[in-house]
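Work through the following exercises with the sequence and the 3D view at hand, and try each task before reading its solution.

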Amino acid sequence: MLKQIIDGYCRLLSLFTAGSLAVMVVLVFGNVVMRYGFNSGITMSEELSRWLFVWLTFMGAIVAMKDGAHLGSDTLVSRLPLKGKKIFFVTGHVLMLLVCWLLFKGSYDQTLINWDTTSAVMEVSMAIFYACGMVAAVSIAVILLNKLWRLVTGNLSEQELIGVRESEEEPVDVPAPLK
């Protein structure tokens, strides 16, 4: 159940990132053409593009976490016995949950500080800009907790314990339970 929710959520995030990238390209390209061709420009182009880029980066990090597509090294972990892989998996996930907490706390504090501050050009609350850290932290924490739960219940494959995959490999959708 939770896996389907996370998959659907990440599909929406993928659509958001693709849409954001398309808007960024149109804004920046249109602004360049207008500046050089018509000696004018789109006032909010640079600021909105920057905001979209930050949100795109954080939302992409969520999808990458779900897919196990972040950079990593499996040189040591892949050579360990199953028990060692489990220990490293739990340790790594607990440390990542700590980082999620730090990201959430920092983003939350910045959101509160900037609640009444407006951006220079678009004149919208800067809290929106900093809220992406909170969204990313909570989303990634849910993904990590789901993986830890799957480990505890025995529904995580040994391949998923390693945590990184080659770029040519397909994401693991149907795990073979551990014995």
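Accessible areas, which the first exercise needs, come from the Shrake-Rupley method with a 1.4 Å probe. The model shown here is a predicted one.

**Exercise 1. Describe the surface of the protein chain and its charged side chains.**

Solution. Begin with the total: the accessible surface of the protein chain comes to about 11,300 Å², and carbon and sulfur atoms account for 69% of that area. Turn next to the charges, where 14 positive side chains stand beside 15 negative ones, and the centres of these two sets lie 8 Å apart.

**Exercise 2. Work out the fold elements and the overall dimensions of the protein chain.**

Solution. The secondary structure consists of 5 helices and 0 strands, so that reading from the N terminus gives the order α-α-α-α-α. For the dimensions, the C-alpha trace spans about 65 × 35 × 30 Å along its principal axes. The radius of gyration of the protein chain is 20 Å, whereas a compact globule of 179 residues would have one near 16 Å. As a last step, consider contacts between residues at least 6 apart in sequence: of these, 68% join residues that are at least 24 apart.

**Exercise 3. Find which helices build the largest nonpolar core, and which residues touch the most other members.**

Solution. A general point helps at the start: in soluble globular proteins, nonpolar side chains tend to be buried together. In this protein chain, 34% of the 179 residues count as buried. The largest nonpolar core holds 21 residues, and those touching the most other members are M59, I62 and I140. At least two residues of this core come from each of α1 (2-38), α2 (45-67) and α4 (127-152), with α4 giving the most, namely 9 residues. To follow one member further, set aside the neighbours of I140 within four places in sequence; I140 is then in contact with A61, I62, M65 and C100. Another core, of 5 residues, lies apart from the largest one, and its members include L148, L151, L156 and L161.

**Exercise 4. Decide whether S107 is buried or exposed, and name its contacts.**

Solution. First locate the residue: S107 is found in helix α3, which covers residues 82-113. The cut-off for a buried residue is under 20% relative accessible area. Because S107 has a relative accessibility of 9%, S107 counts as buried. Finally, leaving aside neighbours within four places in sequence, S107 is in contact with Y130, G133 and M134.

Note on methods. Residues numbered from 1 in each chain as written. Predicted model: local features only at pLDDT ≥ 70, side-chain atom pairs only at ≥ 80, totals over all residues. Heavy atoms only, no water. Helix = DSSP H or I, 4+ residues; strand = E, 2+ residues; numbered from the N terminus. Rg over C-alpha atoms; globule rule 2.2 N^0.38 Å. Buried < 20%, exposed > 50% of the residue type's maximum accessible area, 1.4 Å probe, protein only. Contact = heavy atoms within 4.5 Å. Lys, Arg positive; Asp, Glu negative; His and termini not counted. Charge placed at Lys NZ, Arg CZ, Asp CG, Glu CD. Core = buried A, V, L, I, M, F, W, Y, C linked by side-chain atoms within 4.5 Å.
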